[in-house]
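Student: I should like each structural term justified against its cut-offs. Please start with the term on which the burial statements rest.

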Amino acid sequence: MTLEATRTRPALDEPLTADEIEAAQRRIADTAVVTPLVPTLDGRTHLKLECLQPYGSYKIRGATNAVRARIEVDGAVETIISASAGNFGQAVAAAAAAYGLRCIIHAPDVAARVKIESLKRLGAEVKEHSFARWWEIMQSRKTGEDGVFIHPVCEREVIAGAATLGEELADDLPGARTIYVPFGGGGLISGIAQAVKARNAGCRVVAVESEVSTPLKAAFEAGKPVIVERGPSFIDGMGSTTVLEEMWPLLQRVVDDVVVVSVQDVSDAVIRLLREHHVVAEGAGAAALAAAAHDPGHSTIAIVSGGNIDWPVLEKIVAFQK
């Protein structure tokens, strides 16, 4: 069976401490890069280019911090297990490989092929499931295997890793008015919000969902996590059928609003990033810019969370725009 860390850990909804964020910065310093914050051509929005991270995603921050923290605290670890649509899995696989550890990644069968192939190249054992079965693993952490299970969202170390991104934002644009963050499970927005709001209390942190899957918007409307439909689209890195119960108290506390964008808006943002900034972004990575584009104000930030898009998908988007 999967094993949890042996130490007593604070609940997810307890605020991150400065020590936790500083520890994350130390652990990831030789792996994650400090990504640039660049203005859009109209100057209204700044892009945090996490797609330039190793393996093309911000996930390197939380995954590296979580794996190294477990090794520091728990000592001997033989197998790392996780559930991921691809980006977190790649980062976990890379961190595990650096220590010579076996790595098993459970992925949904709708994950981008470019991510699955990268997982295999990194030495991970990939087990694909229907989205429903994969989401069960996300909620239960039960896989039937021996090893240390690291959740891609519901871990303080994962959230602290995302908070290192928030610290960079607070350093680079201390007067930011609104930060748009793509919403998948909530680890990214929770880390960013806690770090930024500690230094800029007036900054609004807004979650971005696509029209094909709006679990967070539905949860805020209902006052609790509810089941929603998840439609098909090329936006594979965000969206599910419900908000994770473990994350809900924290999300209620740190998220200021939810914005829903259309699939076409996201497609247009992918093209805009290519044309104006020479940046390749996956659907989730372009979603925040799609939301910020409808904000008439200034001093906004859009998190370009990842760049792992299947080339055939990108080719179709480009061809459609011609």
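Tutor: A residue is "buried" if its relative accessible area is under 20%, "exposed" if that area is over 50%, and "partly exposed" in between, with a 1.4 Å probe and protein chains only. The model is a predicted one, in which local features need pLDDT of at least 70, side-chain atom pairs count only at pLDDT 80 or more, and totals for chains, interfaces and linings use all residues. Residues are numbered from 1 along each chain as its sequence is written, and side-chain values use heavy atoms, with hydrogens and water left out.

Student: Why is L216 called buried?

Tutor: The relative accessibility of L216 is 0%, which is under the limit, so L216 counts as buried. This residue is found in helix α8, residues 215-222; a helix here is a DSSP run of H or I of at least four residues, a strand is a run of E of at least two, and both are numbered from the N terminus.

Student: What makes a residue a contact of L216?

Tutor: Contact requires heavy atoms within 4.5 Å. With neighbours within four places in sequence left aside, L216 meets that condition with F183, A207, E209, V243, W248, L251, V255 and V258.

Student: Why is H277 called buried?

Tutor: The relative accessible area of H277 is 16%, which falls under the cut-off, so H277 is buried. H277 belongs to helix α10, residues 263-277. Beyond the four places on either side in sequence, H277 is in contact with P39, T40, L41, L47 and R272.

Student: How do you know which strands pair in the sheet?

Tutor: Two strands count as paired if DSSP finds at least two bridges between them. By that test 6 strands form an open sheet in the order β2-β3-β11-β8-β9-β10, with mixed pairing. Strands β3 (residues 45-49) and β11 (residues 300-304) are joined over 5 bridges in the parallel sense. T45 has T300 as its bridge partner in β11, and L49 has V304. Strands β8 and β11 also run parallel, with 3 bridges, and there Y180 is partnered by A302.

Student: What makes β2 and β10 edge strands?

Tutor: Each of them, β2 at 37-39 and β10 at 257-261, pairs on one side only.

Student: How do you know that both faces of β11 are covered?

Tutor: In a regular strand the side chains alternate between the two faces of the sheet. On one side of β11 T300, A302 and V304 are buried, and on the other I301 and I303 are buried. With 5 of its 5 residues buried, the strand is described as mostly covered.

Student: Why is α11 described as largely enclosed?

Tutor: The burial count is 10 of the 10 residues, so α11 is largely enclosed by the rest of the structure. Its buried residues pack against β3, β8, β9, β10, α10 and β11. Helix α11 (residues 283-292) packs on the sheet, and its direction makes about 160° with that of β11. Such an angle, from 0 to 180 degrees, is taken between N-to-C directions of lines fitted to C-alpha atoms, for helices over the stretch in contact.

Student: What makes an internal space a cavity and not a pocket?

Tutor: On a 1 Å grid over the protein atoms alone, a cavity is a set of points where a 1.4 Å probe fits but cannot get out, whereas a pocket is an open set with protein on both sides within 12 Å along at least five of seven lines; lining residues have an atom within 4 Å of a point. The search of the whole structure finds 2 cavities of 30 Å³ or more. The largest contains about 470 Å³ of space, where volume is the space filled by probe spheres set on the points, which are joined across faces, edges and corners. Its lining has 37 residues, with K59, G184, G185, G237 and M238 nearest the centre. Helix α5 supplies the largest share of that lining, 4 residues.

Student: How do you know the character of that lining?

Tutor: Ala, Val, Leu, Ile, Met, Phe, Trp, Tyr, Cys and Pro count as nonpolar, Asp, Glu, Lys and Arg as charged, and the others, Gly among them, as polar. The division is 19 nonpolar, 13 polar and 5 charged. For the second largest cavity, with about 30 Å³ of space, the classes are 8 nonpolar, 1 polar and no charged residues. Its lining includes I301, one of the buried residues of β11.
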